[in-house]
Amino acid sequence: MNPTDTPEWRKLEAHYAQVENLHLRDLFAADPNRVDALTLEAAGWRVDFSKNRLTGETLSLLQDLAVALKVPQEAAAMARGEKINRTENRAVMHMALRNLSGKPMMVDGQDVMPGVVAVVEKMTSFAHRVHEGRFLGFTGKKLKNIVNIGIGGSDLGPQMVYEALKFYSKRDLKVEFVSNIDGAHISEALVGLDPEETLFIVASKTFTTQETMTNAYSAKDWLLAALGEEKAVAQHFVALSTNLEAVQAFGIAKENVFEFWDWVGGRYSLTSAIGLSLVLGLGPEVFDALRAGFYAMDQHFLEAPMAENLPVNLALVGLWYNNFFGAQSVALLPYSQYLSRFPAYFQQGDMESNGKGTDRQGRPVNYQTGPIVWGEPGTGGQHAFYQLIHQGTKLIPCDFIGFVQPLNELGDHQEKLMANFFAQQKALAFGKGIKELKAESCPEELIPFKLFEGNRPSTSLLAAKLTPESLGALIALYEHKIFVQGILWNIYSFDQWGVELGKQLAKGILEDLKSGQVSPEQDASTAAQLNFYHQRSQPS
Ligand code: F6P
């Protein structure tokens, strides 16, 4: 149903008119219990919503909307294996990948857990064989380099988690991620690698993705140029895929295929076989602990009441800015260099899921859906784009993500990092007024430029330490936030038809590029660019 047609939405509109101009300074002054009332905890995360432009009443009205739009029932339907990805007629069961309850999870009347457990065991045993030198390269050398070839969900998740948990990694293994079809990516990744010591993981749910297959064939050529015999492929290539036929056609041995299933969406596949680079590069124990973190947040999401439910409330606060304040984007700001790829990961997670303009009934929506997601780790971002967040004309809700204990004890780096984490949220919320500027003897003519109006919203997410468990819980928190928002916006979050047209057109253009022609179906701009390209590609 169109969320804006509900009585709950209308109540929110009326409420918005009352609170839109309230300043965070006044909200804090008015309610000494504000922080306690607006802070939630789950799976090791403390999430403080108090620096958001809302009151307890706002949250409760938003929660009423979630009840009216049946968020708990929809979450239960997902967990029951219903085909909630209707446009692809698929179940959405990434929670089964980290279901540690020992209880079955069903798709099409079948328990999927034995298959999930078997693949995890196969990954674990493979990693042990590689680590212990029982699975060797073709010439008998130990494998020291792992190159994951994939793109989108088959790249961003493992790459993000590998970076995030590098502290826990197997330092004697070099792990590279190759995704771009630009030959520069694989060429640079292979520089200095010894083919005899290199294992390629071809990660592709469909095993048809142009970028991945092109890179995989180039990797195969590189390997065979050094090792000569086709047989070497079996010792240097493994595949992660749902398309077993295509994998075998590539020449990868059956026993070197790590399977997953069509009920795992690409951008939700991190804890499936797609995580093999993590099992190898971080170790099976770390991968298990990561899954335990996911599981803890999954349980919280499925069981916690609405008012205490972290993913639900994160989703509702996001909707509040997106649909009432008209915010266009959300900034993810991890104060951890290890989380440098976290914003990029959730760019796909969020934007590919909720970047939809058609509702579940096939009608164009008449309200805003998924936001633009962006961000960089702090403190780097402070010296780059924070100017706009503090004083620009756009309202940008920010999620600050931080950890209490550092992984690297190094002088006072941690205190300085976290002082900035807290200070930025404070500056955004409370700003700096004329009085304070005058007290600092700011010249009159500079006051307008040095003024910080404040009232810029942020949410603080804090955990004790960056561990596999806390990371898993954090990822699951955002996954479920995305799910809840998709329900609230009445869109399908688990398909991605919007990526198809470009892929299809690229095929026709590729033919033109290879033949040196410009086909008549090209539009005037594309034709002119192709002509320029053809002219300049002639050696002069
Ligand atoms: O083009 C988008 C997409 O289909 C993503 O949804 C997916 O994560 C990515 O491509 C990679 O797909 P595959 O794992 O099938 O190669």
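A backbone N or O atom of K205 lies 2.7 Å from an oxygen atom of the ligand. That is a good place to enter this structure, which is a predicted model. The neighbouring position in the sequence brings a side chain to the ligand. An N or O atom in the side chain of T206 is 2.6 Å from a ligand oxygen atom. Q348 adds another such pair. Its side chain places an N or O atom 3.2 Å from an oxygen atom of the ligand. On its own, the ligand has 400 Å² of accessible area, and the protein covers 88% of that.

Now step back to the whole site. The ligand sits in the largest pocket. Its shell consists of 13 residues. The closest of them are G153, S154, S204, T206 and T209. T206 thus appears twice: in this closest group, and with its side-chain atom at 2.6 Å from a ligand oxygen. What classes of residue make up the shell around the ligand? Eight are polar, three are charged and two are nonpolar.

Leave the ligand and turn to strand 13. This strand spans residues 458-465, and T459 lies in it. Is T459 buried or exposed? Its relative accessibility is 3%. Buried means under 20%, so T459 counts as buried. Its side chain has a polar partner. A contact of 2.9 Å joins it to the side chain of N52.

Just before strand 13 comes a loop that starts after helix 19 (447-450), and N455 is found there. The backbone of N455 has a positive phi of about 60°, although the residue is not a glycine. N455 has 8% relative accessibility and therefore counts as buried.

D108 makes a useful comparison. This residue, too, has a positive phi without being a glycine, here about 50°. Its loop runs between strand 3 (106-107) and strand 4 (110-111). Is D108 buried or exposed? The threshold for exposed is over 50%, and D108 has 60% relative accessibility, so it counts as exposed. Both residues are in loops, D108 between two strands and N455 between a helix and a strand. Yet D108 is exposed, whereas N455 is buried.

Another backbone feature is found at G378 and T379. The peptide bond from G378 to T379 is cis, with omega near 10°. T379 lies in a loop as well. That loop connects strand 11 (372-374) to helix 16 (386-391).

Two valines in helices complete the tour. V71 belongs to helix 5, which covers residues 71-79. Its relative accessibility is 2%, so V71 counts as buried. How many residues separate V71 from V484 in sequence? The answer is 413, while their C-alpha atoms are 6.5 Å apart in space.

V279 is placed in helix 12, residues 276-281. At 1% relative accessibility, V279 counts as buried. Its pairing with V178 gives another view of sequence against space. These two valines are 101 residues apart along the chain, and 18 Å separates their C-alpha atoms. For V71 and V484, the corresponding values are 413 residues and 6.5 Å.

Definitions and conventions. Residues numbered from 1 in each chain as written. Predicted model: local features only at pLDDT ≥ 70, side-chain atom pairs only at ≥ 80, totals over all residues. Heavy atoms only, no water. Near = heavy atom within 4 Å. Polar contact = N/O pair within 3.5 Å; in protein donor to acceptor, adjacent residues only side chain to side chain. Areas by Shrake-Rupley, 256 points an atom, 1.4 Å probe, with all protein chains shown as cover. 1 Å grid on protein atoms, 1.4 Å probe; cavity = no way out; pocket = protein on both sides within 12 Å on 5 of 7 lines; lining within 4 Å. Sits in = over half its atoms within 2 Å of the grid points. Nonpolar A, V, L, I, M, F, W, Y, C, P; charged D, E, K, R; others polar. Helix = DSSP H or I, 4+ residues; strand = E, 2+ residues; numbered from the N terminus. Buried < 20%, exposed > 50% of the residue type's maximum accessible area, 1.4 Å probe, protein only.
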